[in-house]
Every structure is written in C-alpha cells, then in structure tokens.
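Thank you all for making the time this morning. I would like to take you through one structure, and I will ask you to keep it on the screen while I talk.

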Amino acid sequence: MLHYLMKRLAFGVLTIWFIATATFVGMHAVPGDPLMSDKAVSPEIRKHLEQRYGLDKPIMQQYQIYIMNMLKGDFGISFTQQNRRVNDIIAEHFPVSALLGVLAIGYATLGGIMLGAITSLYRNRWPDYLLIVFVVLGISIPSFVFASIGQLMILKVNAWLGFQLLPVAGWGSISHMIVPSLILGLGILAYLTRLMRSSMLEVIHADYIRTARAKGLSSQRIFYRHQLRNAVLPVITVLGPAIAAITTGGFVVELIFAIPGLGRYFVQAVQQLDYTVIMGTTVFYGAFLVLMVTLADLLYGLIDPRIRIQKVA
Amino acid sequence: MAASRNINFTTDDFKLIDRGSQDIEYLVAEGPSLSYWREAWCRLKMNRRALLSLFTILFLLLFTWVGPWVWTLDPARQDLVQISRAPHLGISALVVDDNFNWSGVIADNELTVNHRHVESLSVEVINNEEVIDNSVLSDDASYSEGLAAPSNLRVVDKPNTEYVRLTWQPVVGAARYLVYRNERQPESATDLGVPLWETDTARDVSYQDRLKLEAITYYYSVVATDGLNESNHYAVIQVDVQQAITFSDAVYSEVLPPEASKLDSIGRMVELQAHPLGTDYLGRDMLSRLMLGARISLFIGIVAPFLYLAFGIIYGSVAGFFGGLLDEWMMRFADFVIALPFLLFMILFKVSFGIGPGESGVIPMLVAMIVLSWPSMARLARGQVLQLREQPYIEAAKLFGASSWHMVFRHMLPNMLSVILVSLTFAIPAAIFTEAFLSFIGMGVVPPTPSWGSMSHDGMKTLMTHPHELIFPALFISITVLAFNILGDGLRDALDVRIRE
C-alpha cells in the first residue's frame, strides 16, 4: 500500500510539473507581449517593467525562475492589478468557488445516489421514467440555460411576492448560494443518477445478492447492506474528477450570478491578458485536479479491498 | 422489488409449443442469418427513441445544408426596422414620412389651444377620477397638489412606431408639463415612474415621442407642475401604436419598389419582412443565423471528435499493439495530457493562437479540442487492442504470417468499430457542449460568426426583455445534444457494447 501511495504521489508531482510546463509554453506562444497595452510606455519604463517581471532574461532562465518560484509556492505579481500577488488573488477568490462547488457536489452526490437507487427500485414504472426524463434533460441542457432561466425565475418570483425572497446576483450570505449551487450541481446530479441507476441494476445480478437472498435476509437488509453499498463504489471514482470539474467549470454560474469566484476571475484575466494570473490559476487548478483524482483513487482503494489487493499485486 | 417477485410456474409452461402459433414466431429463425451490423441495425430500428433521435439529427443536417436554399435571407443583413423582434410571420406597417419635424401645439396666452392640424381620432381617453373631484383650485399651501390634470389629452395623427404625438389642454397655474410613458395603466400618481419628457414652458402643450417605440399599447400620462412640485393629478391616455416604416427605409429594405413615389406611398400599408424566429439585437434574422450557426456548431461538434478519435485510436493501437516500454511511455504521456484541466486549457489555447481580424476562431477551437481530447480515446483503443490481441483469430492470422499492418487494419480495427462508433456518438454532444460553453463565456467563436453558443451569448444580454434570442439557440443546442445522447444509448444497446463510464 505504501509503495502504491508513493508511486501515486510521484506521478502526481510529475503531472503538476507537466501542467506547469504546458502552461508556460502556451503563454509564451501568445502573440504580442504582456506589457503591450493601449497606453504607450516610454522605453525606460518598459525596460524597468521588463526587469521587474523578469522578461528581459532568456526564455530558459525565465522557465527556471518560474519553476523555482512555483516550487516555493509563489505565482508572482499580477500584470494588470498593481502590486497584487497572484497568491492573494487565489486565496481570496478560490474559497468562494470551492464553497459553491462543495455545496453543489454535496447535494448532487446525495441526490444522485438517492435518485439512482429509487429509479432502480421502480424500474420500468412511472417514477423511473420520470427520473430518466429528468436525467436526460439535465445532461442535455447547457448550464448557462439553467442559470439564466434560474435568474429570470428569481426575478419573477421576487416581483410576484413583492419582496426579495432570494437575491438575483451577488455573494455574501447563504441566500446568495442557494440557486447558483443548485444550478451548478444539476449536471452532476443527472450524471450520478444515471451512473447509480446502472450500477444498482448491475449489482442486483451479482452472486452475493443471490447468496444473501438464499440466506433469507429481508429485502430491506439486502437493499441497504449489500446492494446500495456495492453500487456506490463507481460513484466514488467519478467524484474526484467531478469535484475538479465543478470547481473549474463554475465560470458560467459565476459570470451570470456575479459571484466573485476564481472561475470568473480567470475569464477576466484572460480578457485582460494578465499573464501571471492566467498561469498561476491554471497551475493551481491543475494541481487541485491532480490532488482530487489521487485522493479519490486512494479513497476507492480504502473502501474497496479488492482494488487494493489488485493494485499491490 | 421487482427482483424478488415470485414466478409461479404451471404445467402449461412446460407444454410442447405449437409450431403454427402466432406468439412464438420470434423463437423461430426465419430467412438467412444476419451479419453483425445488419442485426444491430434491426435492433436499432426496434428502438423507437433512438430512431427518432436519428431522424432529428438528419433533420438538423438538412436544416443547415438545405435550409439556406429554402430560407434565403442573408444572416448578416440587418433589418433596422425590426430589432429584437419576437417571432412573427410578416406584419403590415404604415409608411410614414422621413421628416418627423412637428411644430407641435403652442397654447395662446389666454390658455386656449391653437389647433394646427389636430385630427379627431377615436382614442379612448381615461381621466383620473380624482381630477374631476378636485377640479376647483385651492389657494392654500398644497397649491401644486391641487393643480388639475390636463384635460382633453389626445393623440394627433395616427400613433405609430416612428412617432406618437400628444397634445392636451393647458392647466391654470402650470409652469411646465411632465410626460410619462408606461406599458401598463398607472395606478396612482406615484406609479408613473420616471418622466419621459418635461416641456420647456407652460405654453408647450404637446409632445412628440420617438423613443424606441414598439408596436404595443402604451399609457401616456401628463402631469402639470408649478415649477417646484408636481401635481397629484394626472391625465392618462391609452395609445395603441401601429407598426410603421419610414419611406426611405421601405425603399432601402425593398418592401417598396425603388421607383415608388413618396406622395403615393405615405399612408399606405406595406408588408414587412417575415421573421419566423424573430430577430436579434442587431436586427438580424434569427432563423437564417441559426442555420449558419448550426453549420459551425455541428462542424466543430462532428469534425473535432472524428479527428481526435482517429488520432487517439492510432496512438492507442500502436501502444497496445507493440506493448512493452513504448506502451508504458506512450500511455504515461497520455495520462499527463488527461490531467490538464480541460476548460482552462481550451481557453489558454485560444489565447495562445491569438485570433486575428477576420478570423472566426473555429480552427483554433478545433485544434485545441483535438490536442486535449485524444488521450481518453487512446486509452479506450489500447484496452481494446490488448483484449483483441489474445483472441484466437489474431493468433491464427499471426500463424499465417500476417503483417502487423494487416492485422491492425484487417482484424483489429473492424472489431473495434462498434466501440468506436458508440464513443463517437457520445463524443459529439460533448464537443457541441464545449463549443457552446466557450462561446457563451465569450472565449469561443468570434463575432460576427454565428454559432449556437455565441448566439446564446448575445441572447443572454436581452434575456429580460426579448427571451426568444436566448431560447432558440439554447433549444437547438439542447435538442442536438439530446438526440446524440439518446442515439448513443440506442447504439450501445444495439451493438451490445459495454463502455465503463
């Protein structure tokens, strides 16, 4: 197990290095340069700025400095916001995205497992069909449609009630979080419901279920102790990538609901060509993704002994 | 629970079956046995939902390729008379003069109105009840509250989308008048909102409204003010605005022939260009833009998966086929690429490519999608190759001295085809989604190139007032993605492919 853990960690670190390098290469392939702005800068100021951002050095040396700084956990200073460190920007905006993502993932996971189990119980009866329709719609309708319709609905409900039940946009209180996190988790909820449903239907034909039934266990006990527990396993494997996808994929919801998350900030940085912020955010998210996938894998190994044995062997 | 249901067998169930009976027909194989693909097609045909999705997809392809021949309106043409217009199948409009100068109505000093060319029109005039009660002026502090509502508020000329001309009787003691416009009948003087106009003097008793008029019903209210305070009393009039087009616009947009005489044309009714799905915020026809947008969305959605599938399959097959250290290194690299945060790198690529003027941004998006998406395909292909390598028929081919190329192309790829096909039908909606998502946040296709995503992006701006501009492109995205997903499910069942999600 320790050997496996070490291997995973080493691979994770290598992956992060790859992401950092790809980001560096990508950003240096951008036409023009970061100091090119609409304001004309005198050569002296330009030289000074180049010095400050280390742009006067040869590219390999820049890469070396970049990687060394990255190892120290320093992402540099923003190009467009004077004297603001990228670390501070991430520290300020990431928790917002993370909170939104955790809320969305939380309800989507619980809901997905529950709905998936229910649909498998009522297979080919109306609750099953109803949920299948919901799942198909949830997968097929883009999140920006849900988000804009959601916002319109809040507006209409507020107008109809005559007072503000929920805020239309913004961030700060729990009431700000409800609708955006519901919308953000909708796609994952639909996806997990489908996954859980097929997993439940697969498990029901397993030998241990037949054995349990032959032993004369009550159908409730079989459902909760044997079927549900085993069916949940595949759901856990997709949870790691799902967490990463939801925290990075929150752009639309953050843009529409004016939430000061890192996703919205990233889009803004791209529009303003804020090089250090783009690089820092990408590497940070990449590392986060790697961490989540690794954690989910390890968790999976802990929960399912069969996997652990297989991997060690 | 369905699984625990008891099945009661009776002796009837074990009787010999009658060969002639109708309900056992399916048990008896009829005709020649079918090939794998023919059988899969038969099974797909049985699946009504999958078949419906297949027709939907065919319809969409027809929509984008044949559509522009049927609906020939230029998607870039701006219909400035009809901006953000809701769907309609042609409306008639009144041709009006291009010269909107209206001298208005100036009251005499004796506070009688000098009628220039007031036409009496049958417009319902709603006077506030309060006005009648307090028509006698009081001379106390609340003087201005007592200012009467202007009487005889009426419309001059036919109200149309180019102008609404109002006039009213002057009020004793008024210094100026305020004009309000509402889309519903105001309930009280505090319900009027922000004034549209304030007259210069007490003698100005008319107003010409030319501010973004639409062919709907408006409620105009006029309130007198003594210069400091507004009166509580107002006159209100309901105005049904008629769609209009100026003479020069009509000639320019070819609803009138170029040789039409101005004098004859003014006052005539003409039929405006029909927009079955409305127009966008620049007056461009939504239907023809959706057709062109479909071409771009479907192009990215279908071509990108094809290309990265092809690359991924070659990569994965090579790795799986040769195995060993090469396989190890190749798959390690694929693992690295898989770990890249997809959306962030899509955006990063867009920035790196740097879209120049006149470019649509389709090719960078395509390249980025291929570069980032091939590894999952490569993994799938490698797994398939590893599985197939152990098959007896491959060993037999090897025994006969088949070359590696022959083995891959003749024996392995055809056997992988079903898995590939099913992955393709799931990859297409994912690609369409990605395009839509990126274009929606303004990081995809560059305007004015329409794609369903960029049209949704534009539609979002006017969602509150003109929801059709978002609804139609969003509907097309949803239907396409839905159709491909259901078709993918159907294909998976028909081809009996098991893909671990």
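I will start with chain A, go on to the interface with chain B, and finish with the salt bridges.

Please bear in mind throughout that this is a predicted model, and that every value I quote is computed from it. Chain A has 13 helices and 0 strands, and its C-alpha atoms fill a box of roughly 85 × 65 × 30 Å along the principal axes. Of the 313 residues in chain A, 49% are buried, while the accessible surface of the chain comes to about 16100 Å², with 67% of that belonging to carbon and sulfur atoms. If we take the contacts in chain A between residues at least 6 apart in sequence, 72% of them join residues at least 24 apart.

Let me turn to the interface, where 53 residues of chain A are in contact with 42 residues of chain B. The area buried between the two chains is about 4100 Å², and carbon and sulfur atoms give 78% of it. How many salt bridges are counted between chain A and chain B? The count is 1, and it pairs A:Arg194 with B:Asp489, whose closest N and O atoms are 3.7 Å apart. On the chain A side, several helices give two or more residues to the surface that touches chain B, including α5, α7 and α12, but α1(A) gives the most, with 9 residues. By residue class, that side of chain A divides into 35 nonpolar, 15 polar and 3 charged residues.

Over all chains, the search finds 18 salt bridges, and I will pick out three of them. In the first that I want to show, A:Asp128 meets A:Arg197 at 3.0 Å, N to O; A:Asp128 lies in helix α5 and A:Arg197 in helix α7 of chain A, so the pair ties together parts that are 69 residues apart in sequence. A:Asp128 counts as buried, at 0% relative accessibility.

In chain B, B:Arg43 and B:Glu39 also form a salt bridge, at 3.0 Å, and these two residues are 4 apart in helix α1 of chain B, separated by about one helical turn. B:Arg43 counts as partly exposed at 35% relative accessibility, as does B:Glu39 at 36%.

The last example is B:Asp157 with B:Arg165, at 2.6 Å, N to O, where B:Asp157 is buried with a relative accessible area of 11% and B:Arg165 is buried with 6%. Finally, salt bridges that share partners join A:Arg194, B:Asp489 and B:Arg492 into one network.

Technical notes:
Residues numbered from 1 in each chain as written. Chains lettered and ligands numbered in written order. Predicted model: local features only at pLDDT ≥ 70, side-chain atom pairs only at ≥ 80, totals over all residues. Heavy atoms only, no water. Contact = heavy atoms within 4.5 Å. Buried area = accessible area lost by both parts, 1.4 Å probe. Salt bridge = Lys/Arg side-chain N within 4 Å of Asp/Glu carboxyl O. Nonpolar A, V, L, I, M, F, W, Y, C, P; charged D, E, K, R; others polar. Buried < 20%, exposed > 50% of the residue type's maximum accessible area, 1.4 Å probe, protein only. Areas by Shrake-Rupley, 256 points an atom, 1.4 Å probe, with all protein chains shown as cover.
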